[in-house]
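The following exercises are intended for a reader who meets this structure for the first time. Please study the sequence and the model before turning to the solutions.

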Amino acid sequence: MAFSPQTNRAIRLLTVVATTGTAFHCVFRIDYGDEPHVFTGLQAWYNSAIDGMMGIDDDVIREAREERRRVGRLGGDRKKNEEDGDGDAATTATAALKRDGSGGSLTEKIAARER
């Protein structure tokens, strides 16, 4: 079945856009794990560029990574964790912020630093 030239151009454009978007996602956005891989340098550059545009500094990133590691190590009895405020990531983060007195979310911390 032959398409008109206008339809062929539209299909070609759709193909270029879909291929470009897929390649961008595969190179810059997919998490391939903790081991170094062929896209590690590009992903590090991209993430630092995005962080710079969003105004996220290294201290905020380090705090978020430490919190994620701490939350990842939690386990054991779910009921006990919920009572301690350690049931899920959101509860754990809230409990940690209450404990250290800083209060608020990561977004609120960033906003506070900008003030």
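Three exercises with worked solutions follow.

The model is predicted: local features need pLDDT of at least 70, side-chain atom pairs count only at pLDDT 80 or more, and totals for chains, interfaces and linings use all residues. Residues are numbered from 1 along each chain as its sequence is written, and side-chain values use heavy atoms, with hydrogens and water left out.

**Exercise 1. The chain as a whole**

Task: State how many helices and strands there are in the chain, and what share of its residues is buried.

Solution. Step one: helices (H or I, at least four residues) and strands (E, at least two) are DSSP runs, numbered from the N terminus. The chain has 6 helices and 0 strands, which gives the pattern α-α-α-α-α-α along the sequence.

Step two: a residue is buried under 20% relative accessible area, exposed over 50%, and partly exposed in between (1.4 Å probe, protein chains only). Of the 115 residues in the chain, 13% are buried.

**Exercise 2. The two sides of helix H2**

Task: Determine which residues of H2 are buried, and which exposed residues lie on the face turned away from them.

Solution. Step one: H2 covers residues 40–54 and has 15 residues. From first C-alpha to last, H2 reaches 21 Å, close to the 21 Å expected at 1.5 Å a residue (the expected span is 1.5 Å times one less than the number of residues).

Step two: the buried residues in H2 are Gln 43, Tyr 46 and Asp 51. Seen down the axis, the buried residues of H2 fall within an arc of 130°, so they line one face of the helix; the arc is that of the directions from the helix axis to the C-beta atoms.

Step three: the face turned away from the buried side carries the exposed residues Gly 41, Trp 45, Gly 52 and Met 53. Just after H2, Gly 55 has a positive phi of about 80°.

**Exercise 3. Salt bridges in helix H3**

Task: Find which side chains meet in salt bridges, and where they lie.

Solution. Step one: a salt bridge is a side-chain nitrogen of Lys or Arg within 4 Å of a carboxyl oxygen of Asp or Glu. The structure holds 2 salt bridges.

Step two: Asp 59 pairs with Arg 62 (2.7 Å, N to O), and Arg 70 pairs with Glu 67 (2.9 Å, N to O).

Step three: Asp 59 and Arg 62 both lie in H3 (residues 58–73), 3 residues apart, about one turn of the helix. Arg 70 and Glu 67 also both lie in H3, 3 residues apart. An α-helix has 3.6 residues a turn, so residues three or four places apart point the same way.
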